[in-house]
Amino acid sequence: MKIGVKVLPRSEVLDSQGRAVEKTLAQHGKTVAACRVGKYVQLEIDAPTQEKALEQAREIASFVLYNPLIETFELEVVK
Amino acid sequence: MSGSKRIGILRFLGTNCDRDVWQAIEAVGLAPEWLWYQDRFEVSRFAALILPGGFSYGDYLRCGALAAKAPVMASVREAASRGVPVLGICNGFQILCDSGLLPGALVRNEGLRFIDQWVELNLVNSCPAFAPQAVAKTPSRLPIAHGEGRFYVEAEGLKELQDQGQIWWTYADNPNGSMANIAGVMNREKNVAGLMPHPERAIFDWMGGDDGRSFFTSLV
């Protein structure tokens, strides 16, 4: 089962990458209200149920994939 | 160097300031010894541990994150809890933060650029093991070289650092957007310390300055 882990910088942390992308977009007339840059990690997990796979992915994300001080994460089941 | 104190220098894949730290340790008459990232070590053999700078694991995932999970860190954790002085420089500082041994996190510089320059630092609270008040020069001039050196901690965390006297060094002229100009912090017990500037690159006058020397002479 494939589980995607989406990691984004917390809103209270200045996201300098997102700001740079936002500025470049604006220079080309593509103005957006906000832009944040994060990362995406795809895990392939052998588990009997989707719930078990999500549980394992959550444990793995908390172990190393994200730093709660500066980031948040969300899981998604990859179809 | 028999008889002199043994200082453990950690090496992860991608550490690149290890030789410089080795030279600095030898220059002040201490006995350096390599500690490999895959090994555990006997904590009582070392008078202090140093995590040098570099790009451990190529900064993959998040700077310091993968090194923080390396087997050797279990021994570092044990040493820290027993009061052994532990110093993290640049990437070493990032590793100590990500492992939870130091508060806060280091994120990308505000201006996005990798910054390589000399900076002036003010000693805020003295660290008993590394450059204590008695020998530290303040302000000190040390070089920085980092892309992710902006110190961040949430508001309550910052207040705690201030209340507990855990802010070690601050930048006189903030180069990277660090919160409260912070360049280095300590744990509550003050035996674990980390900073972004490189004291090992300022040991002799010919290097451009020798203010970094006191970080190591205090271990003798």
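**Notebook: chain B, fold and contacts**

I began with B:Val153, which counts as buried because it has 20 C-beta neighbours inside 10 Å. The cut-offs I used: buried is 20 or more other C-beta atoms within 10 Å of the residue's own, exposed is 12 or fewer, partly exposed is in between, and C-beta atoms are placed from the backbone. The model is predicted: local features need pLDDT of at least 70, side-chain atom pairs count only at pLDDT 80 or more, and totals for chains, interfaces and linings use all residues. Residues are numbered from 1 along each chain as its sequence is written, and chains are lettered from A and ligands numbered from 1 in the order in which they are written.

**Entry 1: around B:Val153**

I located B:Val153 in the loop between strand S8 (150–152) and helix H4 (155–163) of chain B. Helices (H or I, at least four residues) and strands (E, at least two) are DSSP runs, numbered from the N terminus. I then listed contacts, meaning C-beta atoms, placed from the backbone, within 7 Å. Leaving aside neighbours within four places in sequence, B:Val153 touches B:Pro103, B:Gly104, B:Leu158, B:Leu161 and B:Met179. I also checked B:Ala180, 27 residues from B:Val153 along the chain; their C-alpha atoms are 9.9 Å apart.

**Entry 2: chain B as a whole**

I counted five helices and 11 strands in chain B. Its radius of gyration is 16 Å, close to the 17 Å that the globule rule gives for 220 residues, so chain B is as compact as a globular protein of that length. That radius is taken over C-alpha atoms, and the rule is 2.2 Å times the number of residues to the power 0.38. Along the principal axes, the C-alpha atoms fill a box of roughly 45 × 35 × 30 Å. Of the 220 residues, 51% are buried. Among contacts with a separation of 6 or more, 77% are between residues 24 or more positions apart.

**Entry 3: the sheet**

I traced an open sheet of nine strands in chain B, in the order S2-S1-S3-S4-S11-S10-S9-S6-S7, with mixed pairing. Two strands pair if DSSP finds at least two bridges between them. The edges are S2 (31–36) and S7 (140–146), each paired on one side only. From one strand to the next the twist averages 25°.

S1(B) and S2(B) are parallel over six bridges, with B:Arg6 partnered by B:Ala31 in S2(B). The chain goes from S1(B) through H1(B) to S2(B) in a right-handed β-α-β crossover. Right-handed here means that, with the strands pointing away from the viewer, the path from the first strand over the helix to the second runs clockwise. S1(B) also runs parallel to S3(B), joined by three bridges; B:Ile9 stands opposite B:Ile50 there. At the other edge, S6 (residues 115–123) and S7(B) are antiparallel over seven bridges, and B:Gln117 faces B:Ile144.

**Entry 4: helix H3**

I found eight of the eight residues of H3(B) (91–98) buried, including B:Phe93, B:Ile95 and B:Asp98. The buried residues pack against S3, S4 (86–89), S5 (105–107) and S11 (192–195) of chain B. Just after H3(B), B:Gly100 has a positive phi of about 85°.

**Entry 5: chain A**

I last looked at the partner: 12 residues of chain B are in contact with nine residues of chain A.

Definitions and conventions
Axes fitted to C-alpha atoms, helices over the stretch in contact; angles between N-to-C directions. Contact = placed C-beta atoms within 7 Å.
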